[in-house]
Amino acid sequence: MPQIPETIQELTVGQLAARSGAAVSALHFYESKGLISSRRTSGNQRRFSRDALRRVAFVRAAQRVGIPLATIREALAELPEGRTPTEEDWARLSRSWRSELDERIKQLNRLRDHLTDCIGCGCLSLETCVLSNPDDAFGERGVGSRLLVERRGPAASTANSAPGGGRSSRAQGQQTPCCGD
């Protein structure tokens, strides 16, 4: 990791990228999302204060554990006068994020445990699909990746019984339970 003399108080985007391990494009993205800030030189080049290194480290650590950028931005905005996060800040914020992470871990464990029950894409190919239909909300209406709208009248029942003959509930403006359709 390249060393930057302590006499240099501002870093170019390239220096910040080299020191932080983040890509230049990621730094531009972080800046656009209000996670870090820079000033512009007379030549319109970005200059970051040295404390941007700690902010980038904070953002990347929070991202690695799955904290959304919006939540990270809110946390950084709570710091007095936009100061750099300290060890105490990290401890406080990580305690507040713990329940959210515990819930995600619970959901991922459930997904992993039910993954073998899934056929292909996880649509309603099984009579009950615990992945895309965990509470079997549509089980009473039938099985399959699409639920056909029941039409009234003799012509409609013929259309619905022919393969591909009926209109999906999505075509009728209703949401279907199928994943990705």
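In which hand does helix 3 pass helix 4? Helix 3 makes a right-handed crossing with helix 4. Do keep in mind that this is a predicted model.

Two packed helices are described by the angle between their axes and the distance between the axes. Here, the axes of helix 3 (residues 52–64) and helix 4 (residues 69–77) come within 10 Å and cross at roughly 140 degrees. Because oblique covers angles that are neither over 145 degrees nor in the other named ranges, helix 3 counts as oblique to helix 4.

Who makes the contact? On the helix 3 side you will find R55, F58, V59, A62 and Q63, and facing them from helix 4 are L69, I72 and L76. By character, these residues divide into 6 nonpolar, 1 polar and 1 charged.

F58 deserves a second look, since it also takes part in ring pairs with W90 and W97, and the pairs link F58, W90 and W97 into a cluster. The structure holds 3 aromatic pairs, among them the two below.

| Pair | Geometry | Centre to centre | Angle between planes |
|---|---|---|---|
| F58 and W90 | edge-to-face | 5.1 Å | 85 degrees |
| F58 and W97 | tilted | 6.3 Å | 55 degrees |

Both pairs start from F58 in helix 3 and reach into helix 5 (residues 87–114): W90 is 32 residues away from F58, and the pair with W97 ties together parts that are 39 residues apart in sequence.

How are the rings placed, buried or exposed? F58 and W97 are both buried; for F58 the relative accessible area is 5%. W90, at 29% relative accessibility, counts as partly exposed.

Terms used:
Residues are numbered from 1 along each chain as its sequence is written. This is a predicted model: local features need pLDDT of at least 70, side-chain atom pairs count only at pLDDT 80 or more; totals for chains, interfaces and linings use all residues. Side-chain values use heavy atoms; hydrogens and water are left out. Axes are lines fitted to C-alpha atoms, for helices over the stretch in contact, and angles run from 0 to 180 degrees between N-to-C directions. Helices (H or I, at least four residues) and strands (E, at least two) are DSSP runs, numbered from the N terminus. Angles under 35 degrees count as roughly parallel, over 145 as roughly antiparallel, 65 to 115 as roughly perpendicular and the rest as oblique. A crossing is left-handed if the near helix is turned anticlockwise from the far one by less than a right angle, and right-handed if clockwise. Contact means heavy atoms within 4.5 Å. Ala, Val, Leu, Ile, Met, Phe, Trp, Tyr, Cys and Pro count as nonpolar, Asp, Glu, Lys and Arg as charged, and the others, Gly among them, as polar. Rings of Phe, Tyr and Trp (its six-membered ring) pair if their centres lie within 6.5 Å; planes under 30 degrees apart count as stacked, over 60 as edge-to-face and the rest as tilted. Buried means under 20% relative accessible area, exposed over 50%, partly exposed in between (1.4 Å probe, protein chains only).
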